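Subject: Structure handover, with notes on helix packing and salt bridges

Dear colleague,

I am passing on the structure below, and my notes on it follow. Please read them with the model open beside you.

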Amino acid sequence: MALLFNTFAYEEAQAAYQIVNRDETTGYGEMKQFIMDRLGIDEETHTLRFRKEGGTPGDTQKTSFYRIKDTAYRWLQPLESTKKEIMEEIYLEQYLEALSCQTQKWLRQHAGLTLDHAEEMATSFARAQSQMYYPDPEKIYKPFPPIPSPV
């Protein structure tokens with residue numbers, strides 16, 4: 001198994017694989033996690049890749065199909081996630097896509113976001129934005145105190 005991984009891995013992954021302490025890694029899962037940590041790859045990395053996946057010019061239909069399927073598999077992790085968790089990820093992704101670019105960008109900076117929390121935060125963000133653009137005139141436009149006349 002390790003030989004197959006070593007043969008087909010990317011150059012960066014191969015470099016990380018070379019420094020794995022074989023005595024400390026007891027199985028494929030630990031080795032994979034070590035390499036992913038070393039490369040800075042986490043769950044959000046796969047989510048971003050899935051979002052950006054649109055195929056490469058010159059790809060066949062089958063290549064595009066498998067690339068999208070593989071990226072979705074890495075993003076949703078069906079073997080480690082429950083159906084409910086997978087559905088929550090899909091709902092959240094669709095909800096974020098329905099929001100304005102500015103709100104999306106702000107929400108995507110928050111890790112571990114749930115659909116309910118995203119909705120609450122988006123509502124608060126929209127309220128804050130509207131108050132910033134349309135402030136309460138009584139709070140801001142107070143008349144200046146009268147200027148005393150010179151004596």
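How many salt bridges does the structure hold? There are three, where a salt bridge is a side-chain nitrogen of Lys or Arg within 4 Å of a carboxyl oxygen of Asp or Glu.

Before the details, a word on the basis of these notes. This is a predicted model, in which local features need pLDDT of at least 70 and side-chain atom pairs count only at pLDDT 80 or more, while totals for chains, interfaces and linings use all residues. Residues are numbered from 1 along each chain as its sequence is written, and side-chain values use heavy atoms, with hydrogens and water left out.

One salt bridge joins Asp70 to Arg74, with the closest N and O atoms 3.0 Å apart. These two residues are four apart in helix α5 (residues 61-76), so about one helical turn separates them; helices here are DSSP runs of H or I with at least four residues, numbered from the N terminus. Asp70 is partly exposed at a relative accessible area of 36%, and Arg74 is likewise partly exposed at 44% (buried means under 20%, exposed over 50%, and partly exposed in between, with a 1.4 Å probe and protein chains only).

The other part of the picture concerns helix α6 (residues 83-98) and helix α7 (residues 101-108), which pack at an angle of about 140° with their axes 8 Å apart. That angle makes α6 oblique to α7, since angles under 35 degrees count as roughly parallel, over 145 as roughly antiparallel, 65 to 115 as roughly perpendicular and the rest as oblique. The axes are lines fitted to C-alpha atoms over the stretch in contact, and the angles run from 0 to 180 degrees between N-to-C directions.

Glu93, Leu96 and Glu97 of α6 make the contact with Gln104, Leu107 and Arg108 of α7, contact being heavy atoms within 4.5 Å.

Within this contact, Arg108 forms a salt bridge with Glu93, the closest N and O atoms lying 3.6 Å apart, and this pair ties together parts that are 15 residues apart in sequence. Glu93 is buried, with a relative accessible area of 10%, whereas Arg108 counts as partly exposed at 22%. Glu97 also forms a salt bridge with Arg108, at 3.0 Å between the closest N and O atoms, and that pair links parts eleven residues apart in sequence. Salt bridges that share partners thus join Glu93, Glu97 and Arg108 into one network.

With best regards
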